[in-house]
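Subject: Structure handover

Hello,

I am passing on the structure we discussed. Please look through it first; my notes follow below.

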Protein chains: 2
Amino acid sequence: MTKKKVTITQVAKYAGVSVGTVSNYLNGTVSVSPEKAEKVQQAINDLDYTPDALASSLRSKNSKTIYVLTPNLRNAFYTNIISALMEYAYKAGYSVNISGYEYSDERERKQLRLLGSCKQGSSVIIFNGYNDETEIRRLVKKDMHVILADRQTFVKNTSSVNYENHQVVFELVRLLKEKGYQTIGLMAELTELENIRKRRDSFIEAMHYYGFKNPEECVFEDKSLSLDKLRNSYLYMKWLLEHNKKENLPKAWIATSDYLAIGMMRAINEKGYSIPGDFGIVGFDNLDLSGYINPRLTTAEQDQELFGKTLWEVVKRMKQTGKTEQIVLPQKIIIRESC
Amino acid sequence: MTKKKVTITQVAKYAGVSVGTVSNYLNGTVSVSPEKAEKVQQAINDLDYTPDALASSLRSKNSKTIYVLTPNLRNAFYTNIISALMEYAYKAGYSVNISGYEYSDERERKQLRLLGSCKQGSSVIIFNGYNDETEIRRLVKKDMHVILADRQTFVKNTSSVNYENHQVVFELVRLLKEKGYQTIGLMAELTELENIRKRRDSFIEAMHYYGFKNPEECVFEDKSLSLDKLRNSYLYMKWLLEHNKKENLPKAWIATSDYLAIGMMRAINEKGYSIPGDFGIVGFDNLDLSGYINPRLTTAEQDQELFGKTLWEVVKRMKQTGKTEQIVLPQKIIIRESC
DNA sequence: TTGAAAGCGCTACCAG
DNA sequence: CTGGTAGCGCTTTCAA
């Protein structure tokens with residue numbers, strides 16, 4: 001009872017024309033006479049024909065899918081960007097293929113390797129990632145368009161889209177200093193990630209610059225913080241609060257992501273401390289939620305819609321011109337209640 | 001300077017065997033003698049060959065990609081489920097193709113139509129959605145395996161995975177009654193979505209059952225609430241608070257999603273009211289964040305990891321047996337501080 | 001403009 | 001077990 005797949009050949013036969021004509025009609029590569037066109041359309045309707053995208057791109061070496069490799073889909077930061085990207089892709093008839101590597105570099109390399117079996121000319125967007133230069137070069141050599149997103153590493157013949165991460169940290173430190181905080185701590189995730197490392201380094205620089213002492217000792221980082229951030233930062237902060245006198249902890253905190261900040265806030269709240277009274281907190285990302293929690297979170301906004309849009313534009317331009325480009329997007333500090 | 005794509009033919013030539021042998025070696029369909037195997041592997045390494053997935057599935061009519069159609073990626077509910085699914089898919093060498101339809105039924109149909117050009121035998125997972133029966137039937141007719149997720153609509157020859165939405169609402173109403181709330185309101189999104197409608201209907205039933213009067217008047221629903229939930233529920237609640245005396249509003253609220261609940265909480269907070277003192281709130285979903293906000297949100301948990309896993313199992317079973325199945329997953333109420 | 005024919009890179013089948 | 005060969009469904013020459 002299984003209906004046989006309708007092919008272009010059948011359509012051609014039904015319409016009494018050649019497959020070439022049907023193909024031309026479908027793609028508009030060459031114009032087709034009105035009568036034939038009508039017959040073909042009729043056949044398509046009658047037979048309920050849909051072109052096979054696979055066969056099409058096999059032959060035409062031109063795939064309409066964008067591959068996205070991301071740490072995971074559990075972080076709104078990525079999903080917002082990808083959403084925006086998908087939006088543009090959709091309008092242009094592209095589809096988006098997503099995979100996650102859960103912050104494992106081994107796994108990332110594996111996925112990258114898998115991508116090697118996709119059509120040349122496909123676009124590949126890689127979020128963060130590390131220790132992957134070799135695999136990336138493989139892809140580039142296979143003529144894929146790779147775009148490095150939200151990371152600093154530079155690989156030859158790839159494009160990149162990033163947020164500015166130096167100046168914004170300086171501004172954050174200055175803001176906290178101006179608000180009167182005498183000590184500032186940095187709560188940071190896994191520093192193998194380039195942009196987090198950048199924020200860490202800039203933090204130390206800025207602290208020196210603004211006259212704080214021993215900034216190195218104010219950096220709190222932990223591998224656990226890159227996974228299940230909410231829970232682990234909560235646990236970490238809770239531990240800090242239980243094992244230190246309040247006076248010995250920084251009065252203000254910069255968290256390298258809003259998730260971290262929110263987890264910390266929970267721990268601080270539970271201990272009976274107030275924000276921003278006892279501790280000031282600023283985050284990074286400006287998640288949708290960050291303006292709705294209590295107190296509302298001060299954070300460095302990274303415009304994700306813009307990022308997604310930029311990504312799409314780079315994809316398109318690379319297809320057209322084959323040229324790579326490096327783009328740096330600004331961050332903006334959103335001052336709310338938490339510091 | 002562009003490197004020509006390495007094909008199976010070249011590998012065969014280089015290794016001094018036939019393409020068939022290389023294919024057999026690669027797929028393990030038929031065993032290959034050790035010497036030949038070694039030669040082939042050598043050739044693969046030397047030439048840096050990667051099989052073309054497209055050509056492979058064109059020929060074998062067996063695609064290893066799962067298509068997911070979701071309202072969007074901005075809701076952690078979906079992304080958590082998809083994350084879990086991706087995890088299983090990844091382990092089995094499948095890839096996941098995601099598109100969003102932004103809650104537009106027209107757009108959903110369009111995407112569904114596009115999916116028609118994918119390989120027969122592919123799996124398609126559709127989250128929510130409505131007015132799409134015709135397109136779904138088309139896909140089924142083309143021998144695709146379609147799985148309806150988180151929706152009640154039944155279409156012949158499709159599988160489905162859902163949460164139980166009737167009993168859980170009864171339990172919620174009972175919980176609030178037992179906590180002493182005299183009036184309960186329901187804050188609900190767009191009711192074209194089957195599961196939301198189900199919650200609404202169950203709410204009215206449950207309210208009657210537990211002796212509340214005029215439950216129909218306690219239903220607050222608005223189309224705006226399905227998009228940008230956080231902001232729009234905040235705005236809606238703010239409006240309600242400004243245009244009604246506190247005594248005239250329900251003392252307890254059931255929101256059909258945590259996002260809605262969080263937006264409402266913000267509005268209540270801003271007005272200077274306390275939770276759960278002045279208003280009790282319960283949500284639906286149990287987002288990661290819901291246990292970390294202030295006050296911690298009581299909510300009906302829908303185990304998203306389990307949902308994703310179930311989805312994957314259904315995909316696999318459909319591929320193996322071709323049989324469809326209907327699965328209903330339980331919800332669990334997580335009692336925290338907000339009521 | 002149109003039809004015929006030659007593949008895209010791979011798997012499946014067949015004979016040996 | 002192996003090599004040869006016929007396609008999967010489509011696009012793209014190329015002549016007509």
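In this predicted model, a polar backbone atom of B:Asp52 sits 3.0 Å from a phosphate oxygen of DNA strand C. Two serines also reach phosphate oxygens of the strand. For A:Ser18, the atom involved is a backbone N or O, at 3.0 Å. For B:Ser23, an N or O atom of the side chain is 3.0 Å from a phosphate oxygen of DNA strand C.

As for secondary structure, three elements give two or more residues each to the surface near DNA strand C: α4 (53-60) of chain A, and α2 (19-27) and α4 (53-60) of chain B. The most comes from α4(B), which gives five residues.

Overall, DNA strand C is surrounded by 24 residues. The closest are A:Thr21, A:Ser33 and A:Arg59 from chain A, with B:Ile8 and B:Tyr49 from chain B. On the DNA side, 73% of the strand C atoms that come within 4 Å of the protein belong to sugar and phosphate. Sorted by class, the surface near the strand holds 10 polar, nine nonpolar and five charged residues.

One item on the overall layout, in case you plan to treat parts of chain A separately. The domain assignment splits out domain 1 (1-49) and domain 2 (167-303) in chain A. The centres of these two domains of chain A, taken over C-alpha atoms, are 62 Å apart.

Regards

Note on methods:
Residues numbered from 1 in each chain as written. Chains lettered and ligands numbered in written order. Predicted model: local features only at pLDDT ≥ 70, side-chain atom pairs only at ≥ 80, totals over all residues. Heavy atoms only, no water. Near = heavy atom within 4 Å. Polar contact = N/O pair within 3.5 Å; in protein donor to acceptor, adjacent residues only side chain to side chain. Helix = DSSP H or I, 4+ residues; strand = E, 2+ residues; numbered from the N terminus. Nonpolar A, V, L, I, M, F, W, Y, C, P; charged D, E, K, R; others polar. Domains from an automatic or database assignment.
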